[in-house]
Amino acid sequence: MKNLVVVESPAKTRTLKKYLGEDFEIKASLGHIKDLPKSELGVDVEKDFAPQYEVAPKKKKVVSELKAAAKKADQVFLATDPDREGEAIAQHVYEVISAKRKDQKSKRVVFHEITEDAVKAAFANPRGIDANLVDAQKARRVLDRLVGYKLSPLLWKKIRYGLSAGRVQSVAVRLIVDRERERDAFKPDEYWKVEAELKSQRSPNTQTFPALLTKKDDKKLEIKNKKQTDSILKDLKKANYIVKEIKTEEKKRYPAPPFTTSTLQQTAFNTCGFSSKRTMRIAQALYERGLITYHRTDSTRLASSAVSQIRKLIAKEFGTKYLPAGAKVYKTKAKVAQEAHEAIRVTDVGRKQAGERDGIKLYDLIWRRTVACQMNPAVFDQQTVDVAAKNYLFRAIGSVLKFDGFLKVYSGKVGEKDIRLPQLTEGEELTLVKLTPSQHFTQPPNRYTEATLIKELEKNGIGRPSTYAPTISTIQSRGYVSKEGRALKPEDVGLVVNDLLVEHFPEIVDLKFTARMEEDLDEIADGKREWVPVIREFYEPFEKKLETKTKELKKKDFTTLEKTSEKCPECKKPLVVKLGKYGKFLSCSGFPKCKYGRPYEDKDEDGKPDKADKSQLKGECPECGGELVLKEGKFGKFISCSKYPECKFTKQYLDKIGMKCPECKQGEVIIKRSRKGKTFYGCSRYPKCKWASWKDPRRKPSKERNPKS
């Protein structure tokens, strides 16, 4: 008997072959084999939103191979991933192979880890395809297509071509934009702190310790300016410092739950510097090799067999004092969690190291969290000392680790140290070594990083484990958001698109509305709701509003960013800053009657373009004698005549980074842009020297092949 097993990834086939005998042939679908057409809506809104799936052009060869293999097989097992997307892939594979099979019977097998026991148990207990999960994926795909294909053309008409809107991505952009505007509107408040360095009078060698001024007249003290600080310092310099009260108590720190997709992405970002996309790519490879459980999950549940294995290792490796009396059970915090899934854990806790390169780091992180979550808490002795000085109160806090507990294998904080206070007694008089005042200002809220954005999306029930990484990747690739260091910052186009959606399509970017839609999809997956009414409930009012707004909205209302005090040199009307295809530019407010425009540049004190090599703009246009200006085009910055379009003179602008070409040692390294708009670095002597690199050579020398330009 010959069996055909269909999985998603070729890497998974290699792992499964170890556990299934010679009677099993394993083929990979390479992800989705069917999808909605790219060139049209692909949803029949008149016939219950029926999706018009078609075999993807790149998957025709794969489909042919699957059909041929299915025709020869006695039994077909659909072993795609254990989630909605995997269920939909299984359904589509069944549809394309069923015509080639007489019995038309295919069985669905599901496993959350690729281990011998899990795989054999799954094949021993196959089931049919879950129609509810397929419907949930269908609803999600149709909903995203309706939003994207209906709303995006509006953005093309009213802002610029090539923009897009999305059910989850637009909410993510809104969060980033709202945070940026909070920062812009933030007004810092001044405040001061006063710290006393004190020591016991018992011995001249007694250690000093810091104490922070916290109260005056038994009320919380807020010091707002230097004048108030100076007055307090004057009072305190002649005061006696007496130990008023000493409290010692035992504090426990408990381990964090095992990883979900969200917490794994956040922790990998904070500890390893991995982007969410990179984390998921590494986790996918570890899962396919059978090293970790399925990595798209919002559950913190662990299988009882896994907990038993972990507890045995703790007792053996670290001793029974690290082992709780009973197994720890964690409650999932996600609003709607797929409890059928497990948390992300290693499949063999006895294997401490695995993977290659980045895989080693991520596996180690997962292994430590897997073990730590079943260990006893760490115990600290915390001492609080209150010191009275006249009617003021200072406080010093010390903490000493008494029992390391789970910190034996997993510490969330790097370089944790004990803070020890000297031996003191209540009523003891202390010596003041010095008083240190310090000025501070309240800080604006931090920009989102990938980690904090994922945390916020999860907290509000926006998106699901499989969507966090692609959402963050999409909003960057669309140019709505850019990275400044590790922080996510909105670009001008992101601000404009967000403002249009917030004002005219508030439900698309409303957190509660989007979260409720996610809950509806989960209810479809659970068989509690039908998918067509859910889509209709959203689409009918959306379509009416879209039709109205397409007629009402004017392009100039969204492409004009700000007014300037400068007058148009041709018609004397005010110039305005507009958003164009390649960024900001200056335009006459009398457009289209007056077509004057020129590149927008931030100006320095001399009124010249800032952040530019001014020496390259010296002199006159060699063709007409006009002024040379710096412009931004599809392929980056270039020098042009200010009298364009009458004079079409242009020449290359050398956007230098301040270092010589690492290959020829003669030319300068300059910033260039490929035809796809991606930044790369090249030699200014091109084509004589053809050195180029995608990576910034100031950070790390690169030996990569030349990018296609």
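1. Start with a salt bridge inside one helix. In this predicted model, Glu456 pairs with Lys459, and their closest N and O atoms are 3.6 Å apart. Both residues belong to helix α12. They are 3 residues apart, about one turn of the helix. Their surroundings are worth checking. Glu456 is buried, at 18% relative accessible area. Lys459 is exposed, at 57%.

2. Other salt bridges follow. The count for the model comes to 40. Side chains of opposite charge can pair when their charged atoms come close. Arg420 bridges to Asp418, with 3.6 Å between the closest N and O atoms. Arg420 counts as exposed at 53% relative accessibility. Asp418 is partly exposed, with a value of 37%. There is also a network of salt bridges, which links Glu85, Arg140, Asp144, Arg167 and Glu518.

3. Now look at a buried pair. Arg345 and Glu342 meet through their side chains in a salt bridge of 2.7 Å, N to O. Is Arg345 buried or exposed? Arg345 is buried, at 3% relative accessibility. Glu342 is buried as well, with a relative accessible area of 8%.

4. Glu113 belongs in the same discussion. Glu113 sits in the loop between β8 (106-108) and α4 (116-124). Its relative accessible area is 12%, so Glu113 counts as buried. Its side chain makes a polar contact of 2.4 Å with the side chain of Arg345. A further polar contact, of 3.1 Å, runs to the side chain of Thr115. Which residues does Glu113 touch, beyond those up to four places away in sequence? They are Ala118, Tyr287, Thr293, Glu342, Arg345 and Thr347. Both partners of the salt bridge in point 3 are therefore among the residues that Glu113 touches.

5. Tyr287, one of the residues that Glu113 touches, leads to the aromatic rings. The whole structure holds 14 aromatic pairs. Tyr287 and Tyr294 have ring centres 5.2 Å apart and planes at 65 degrees, so this pair is edge-to-face. Tyr287 and Tyr294 are both buried.

6. Phe513 and Phe538 pair in another way. Their rings are tilted, with 6.2 Å from centre to centre and 45 degrees between the planes. Phe513 is in helix α15 (residues 511-525) and Phe538 is in helix α16 (residues 531-552), so the pair ties together parts that are 25 residues apart in sequence. Phe538 is buried, with 6% relative accessible area.

7. These two rings are part of a wider group. One aromatic cluster is formed by Phe49, Phe505, Phe513, Phe538, Tyr539 and Phe542. Phe542 lies in helix α16. Phe542 is buried, at 2% relative accessibility. Setting aside residues up to four places away in sequence, Phe542 touches Leu146, Val147, Lys150, Leu151, Phe505, Glu507 and Ile508. How far apart in space are Phe542 and Phe318? They are 60 Å apart, C-alpha to C-alpha, and 224 residues apart in sequence.

8. Two of the cluster residues return in the largest nonpolar core. In soluble globular proteins, nonpolar side chains tend to be buried together. This core has 58 residues. Phe49, Leu151, Ile159, Leu453, Leu500 and Phe505 touch the most other members. Two or more residues come from each of α5 (131-158), α6 (169-185), α12 (450-459), α13 (468-477), α14 (492-504), α15 and α16. Which element gives the largest share? Helix α5 does, with 10 residues.

9. Ile159 deserves a closer look. Leaving aside neighbours within four places in sequence, Ile159 is in contact with Val496, Val497, Leu500, Lys555, Phe558, Thr559 and Leu579. There is also a second, separate core of 57 residues. Its members include Ala118, Ile292, Tyr330 and Leu407. Ala118 is also one of the residues that Glu113 touches.

10. Last come charges over rings. The charged end of Arg145 sits over the ring of Tyr149, 4.0 Å from the ring centre. The charged end of Lys672 sits over the ring of Tyr686, with 4.7 Å to the ring centre.

Key:
Residues are numbered from 1 along each chain as its sequence is written. This is a predicted model: local features need pLDDT of at least 70, side-chain atom pairs count only at pLDDT 80 or more; totals for chains, interfaces and linings use all residues. Side-chain values use heavy atoms; hydrogens and water are left out. Rings of Phe, Tyr and Trp (its six-membered ring) pair if their centres lie within 6.5 Å; planes under 30 degrees apart count as stacked, over 60 as edge-to-face and the rest as tilted. Buried means under 20% relative accessible area, exposed over 50%, partly exposed in between (1.4 Å probe, protein chains only). Helices (H or I, at least four residues) and strands (E, at least two) are DSSP runs, numbered from the N terminus. A charge sits over a ring if NZ of Lys or CZ of Arg is within 6 Å of the ring centre and within 35 degrees of the ring normal. A nonpolar core is a set of buried Ala, Val, Leu, Ile, Met, Phe, Trp, Tyr and Cys residues joined through side-chain atoms within 4.5 Å. Contact means heavy atoms within 4.5 Å. A polar contact is a pair of N or O atoms within 3.5 Å; within protein, one must be able to donate a hydrogen and the other to accept it, and residues adjacent in sequence count only if both atoms are side-chain atoms. A salt bridge is a side-chain nitrogen of Lys or Arg within 4 Å of a carboxyl oxygen of Asp or Glu.
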